[in-house]
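Please open the structure in your viewer and keep the selection tool at hand. The tour goes from one selection to the next and says what is there at each stop.

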Amino acid sequence: MERVSLLGKQNPTLTLTLAGALALFVFLVDSFGHYATAIMVLYSIVVMLAATVLSSRGTLLVAVACIGATVIGHLIGHLDEETFSSLARATIACFSIVATTALTLRIQADSVRLAQQVRELNRTHEALNRSTAELAHATRVTMLGELAASIAHEVSQPLAAITTHGEAGLRWLRRETPNLDEACHAFESMTSNARRSSEIIRRIRALARKSETVFAPLDINGIIVETIDLLDREVKKHGAVVKMDLTPGELTVTGDRVQLQQVLINLAVNGLQAMSSIHDRPRELRLHTRVEEGRRAVVAVEDSGIGIAPEVASRLFVAFFTTKAEGMGMGLSICRSIVEGHGGSISCVSPPQRGARMQIELPIA
Ligand SMILES: Nc1ncnc2c1ncn2[C@@H]1O[C@H](COP(=O)(O)OP(=O)(O)OP(=O)(O)O)[C@@H](O)[C@H]1O
Ligand SMILES: [Mg+2]
């Protein structure tokens, strides 16, 4: 049977030395002390100490040895006693050792079972985490497919700018008197647009990649701006405008860039979809950030859409719950597992105006 320590982490050698010393002490006092005491009962403590570091078989052997020592001690030290009191004491001590051993072995067996259950629970937990990550990746790829038009637009913008600046640069050079300053300026613009396009491709590839979670300090305000850039076309398609009210400067949290971006995209797309049937008021997607109690970053994504009916509110984060004909119902459920994986929380709070407001709270780095 597997060894499970009942007292948690400890030094086995020290514990066994202590148990041995106690057993020797009891044996010497019992055999040669000529005291009419039931000191042999202390063998029970020897058994308990041994059980904390030995397997059940080892514990059993120690118990047998203690009973043997009790009998030998009785034979050496108390056989000449006139009364039966010595025999009675030895018998009680043996019973006490047997009872302690039985109880200890039972506890040991329970501890082994418990340890096995904890291990199984950990394995299940890890498998669940892996499945959640795979699901998050699958929905991210689906989401990228849905945002294909926005992505293509985002990538083609700097590419078009590179062509325009390249042509302008060539024109400056082909003049009778080439204007080198203007040409340099045009080529610098080309370079910066090329950098921008490779940065956009890098970000999109990161979203599509199946990668391990990487926690690092991140500026959540920067991620919001990046996400809205990516969704620019989507926002326009829904006839909406974006309003941002972000804390001045950077707002640093510890997190995985791709995962947090996925949360923001899910919330923003939900907001845009909720506004597509609104005609009597402006379609506004509002993003706020603020710091609460100096230790929590609060990000709110608010829309002026259809709002959330009370009977729907309690099921928003349930996997596969959707009210949309083409929805999968996984967006918010994934948002919740990502945010909770970051030590934060997500909730649907009452919006100040008509529409919906989803709020994320993350610990500040
Ligand atoms: N901003 C919002 N306004 C109104 N209802 C919302 C809003 N966000 C979410 N909901 C409701 O919550 C439901 C679940 O949203 P969730 O993002 O999890 O799934 P979905 O958008 O239906 O599908 P998908 O998996 O494609 O995201 C939606 O179907 C919708 O009814
Ligand atoms: Mg959604």
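Select helix α1 and helix α2 in this predicted model, and look at how they cross: the crossing of α1 and α2 is left-handed. Helix α1 covers residues 12-32 and helix α2 covers residues 43-53, and the two pack at an angle of about 165°, with their axes 9 Å apart. Angles over 145 degrees count as roughly antiparallel, and that makes α1 roughly antiparallel to α2. To see the contact itself, show the side chains of Pro-12, Thr-15, Leu-16, Leu-18, Ala-19, Leu-22, Ala-23 and Val-26 on α1, and then those of Tyr-43, Ile-45, Val-46, Leu-49, Ala-50, Thr-52 and Val-53 on α2. Coloured by class, the residues of this contact of α1 with α2 divide into 13 nonpolar and 2 polar, with no charged residue.

Next, move to helix α3 (residues 56-77) and helix α4 (residues 85-146), whose axes come within 10 Å and cross at roughly 175°. Helices α3 and α4 are therefore roughly antiparallel to each other. On the α3 side, select Ser-56, Thr-59, Leu-60, Ala-63, Cys-66, Ile-67, Thr-70, Val-71 and His-74, which meet a set of α4 residues including Ser-86, Leu-87, Ala-90, Ala-93 and Cys-94. The contact of α3 with α4 holds 11 nonpolar and 8 polar residues, and again no charged one.

Now turn to the sheet, which is open and has 5 strands in the order β2-β4-β5-β7-β6, with mixed pairing. Which strands stand at the edges? They are β2 (241-245) and β6 (345-349), each with a single partner strand, so one side of each is left without a neighbour in the sheet. If you look along the sheet, the twist averages 15° from one strand to the next.

Walk through the pairs, starting with β4 and β5, which pair in the antiparallel sense over 8 bridges. Here Leu-285 stands opposite Asp-303 in β5, and in the hairpin of these two strands, which has 3 residues between them, Glu-293 takes a positive phi near 50°. Strands β5 and β7 also run antiparallel, joined by 8 bridges, and for Glu-302 the bridge partner in β7 is Arg-357. Finally, β6 pairs with β7 (residues 356-363) in the antiparallel sense over 5 bridges, where Ile-346 has Ile-360 of β7 as its bridge partner.

With the sheet still displayed, add helix α9, which packs on the sheet and touches β4 (284-292), β5 (296-303) and β7, its direction making about 25° with that of β5. Then add helix α11, which packs on the sheet as well, touching β6 and β7, with a direction that makes about 135° with that of β6.

Keep both helices in view and select ligand 1. How many residues surround ligand 1? There are 22, and the closest are Ala-274, Thr-322, Gly-327, Gly-331 and Leu-332. The elements that give two or more residues to this shell are α9 (257-275) and α11 (331-341), and α9 gives the most, with 4 residues. As a last step, colour the shell around ligand 1 by class, which shows 10 nonpolar, 10 polar and 2 charged residues.

Conventions: Residues numbered from 1 in each chain as written. Chains lettered and ligands numbered in written order. Predicted model: local features only at pLDDT ≥ 70, side-chain atom pairs only at ≥ 80, totals over all residues. Axes fitted to C-alpha atoms, helices over the stretch in contact; angles between N-to-C directions. Parallel < 35°, antiparallel > 145°, perpendicular 65-115°, else oblique. Left-handed = near helix turned anticlockwise from the far one by under 90°. Contact = placed C-beta atoms within 7 Å. Nonpolar A, V, L, I, M, F, W, Y, C, P; charged D, E, K, R; others polar. Near = placed C-beta within 6 Å. Pairing = 2+ DSSP bridges.
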